[in-house]
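Here are some notes on the model you asked me to look over, set out as numbered points. They deal with strand pairing and with one pocket.

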Amino acid sequence: MQEALAIARSALATGDVPVGAIVINKDGVVVGKGSNEREANNDPTAHAEVVAIRNAAARLQNSRLDGCTLIVTLEPCAMCAGAIAQSRISHLIFGAWDEKAGAVGSVWDVLRDPRSIFKVEVTSGVLENECAALLKEFFSDK
C-alpha cells in the first residue's frame with residue numbers, strides 16, 4: 001500500500017484525484033502501476049485501477065490476471081469493480097472507503113454480490129487513515 005500511496009502522491013501534480021494502484025503477481029512482483037489519468041488524458045475511464053490493470057495485462061501479455069492482487073488507495077467504483085472482475089484479479093486490497101461512489105461495500109458491493117461470475121477476495125481499510133488524508137487534503141484545496 002505504501003507504493004500505491006507514493007503513486008497517488010505523484011498524481012497530485014497532474015490535477016487528478018490522487019489515487020494510486022499497483023498489481024502484483026503471486027510472487028509479490030509489481031507487474032502494473034497506475035494513477036488517475038482522467039484529467040491528464042481527457043479519459044473518463046482512466047481511473048488508477050484501470051490504468052494499473054491495463055499496464056499489468058500488457059506486461060504479462062494476458063487479459064486474465066488470475067493469481068494477481070490489485071492494491072489501490074481508494075475503494076473502487078462500479079466501473080473499476082467490473083474491470084477487476086473481468087480481468088480475473090484474485091485479490092483486491094484497498095485503503096480508504098468511498099462513501100459516494102464505492103462499489104466494494106460502501107454504496108454497492110459488485111465484487112461480492114452472490115450473482116457475480118468471478119469471485120474476488122477483498123481486504124479493506126489497509127492504511128485507511130493515510131489514504132483518506134491524502135484525498136481530504138486534495139479536496140480541501142479545491
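1. Two strands are taken to pair if DSSP finds at least two bridges between them. On that basis strand E4 pairs with strand E5 (residues 121–123) in this predicted model, since three bridges join E4 to E5 and the two run parallel. Within this pairing, Leu92 stands opposite Val122 in E5.

2. E4 also has a partner in strand E3 (residues 69–74), with which it pairs in the parallel sense over five bridges. Here Val72 is the residue that stands opposite Phe94 in E4. The two strands belong to a right-handed β-α-β unit, in which helix H4 (residues 78–86) is the helical element alongside E3 and E4.

3. Is strand E4 mostly covered or mostly open to its surroundings? E4, which spans residues 91–96, is mostly covered, with six of its six residues buried, and buried here means under 20% relative accessible area.

4. The largest pocket deserves a separate point, and its volume comes to about 540 Å³. It is lined by 23 residues, of which Val17, Leu74, Asp98, Leu135 and Phe139 are the closest to its centre.

5. Which helices supply at least two residues each to the lining of the largest pocket? Helix H2 (38–41) and helix H5 (128–140) both do so, and H5 provides the largest share, five residues.

6. As for the chemical character of that lining, eleven of the residues are nonpolar and ten are charged, while two are polar.

Methods
Residues are numbered from 1 along each chain as its sequence is written. This is a predicted model: local features need pLDDT of at least 70, side-chain atom pairs count only at pLDDT 80 or more; totals for chains, interfaces and linings use all residues. Side-chain values use heavy atoms; hydrogens and water are left out. On a 1 Å grid over the protein atoms alone, a cavity is a set of points where a 1.4 Å probe fits but cannot get out, and a pocket is an open set with protein on both sides within 12 Å along at least five of seven lines; lining residues have an atom within 4 Å of a point. Grid points are joined across faces, edges and corners, and a volume is the space filled by probe spheres set on the points. Helices (H or I, at least four residues) and strands (E, at least two) are DSSP runs, numbered from the N terminus. Ala, Val, Leu, Ile, Met, Phe, Trp, Tyr, Cys and Pro count as nonpolar, Asp, Glu, Lys and Arg as charged, and the others, Gly among them, as polar. Buried means under 20% relative accessible area, exposed over 50%, partly exposed in between (1.4 Å probe, protein chains only). A crossover is right-handed if, with the strands pointing away from the viewer, the path from the first strand over the helix to the second runs clockwise.
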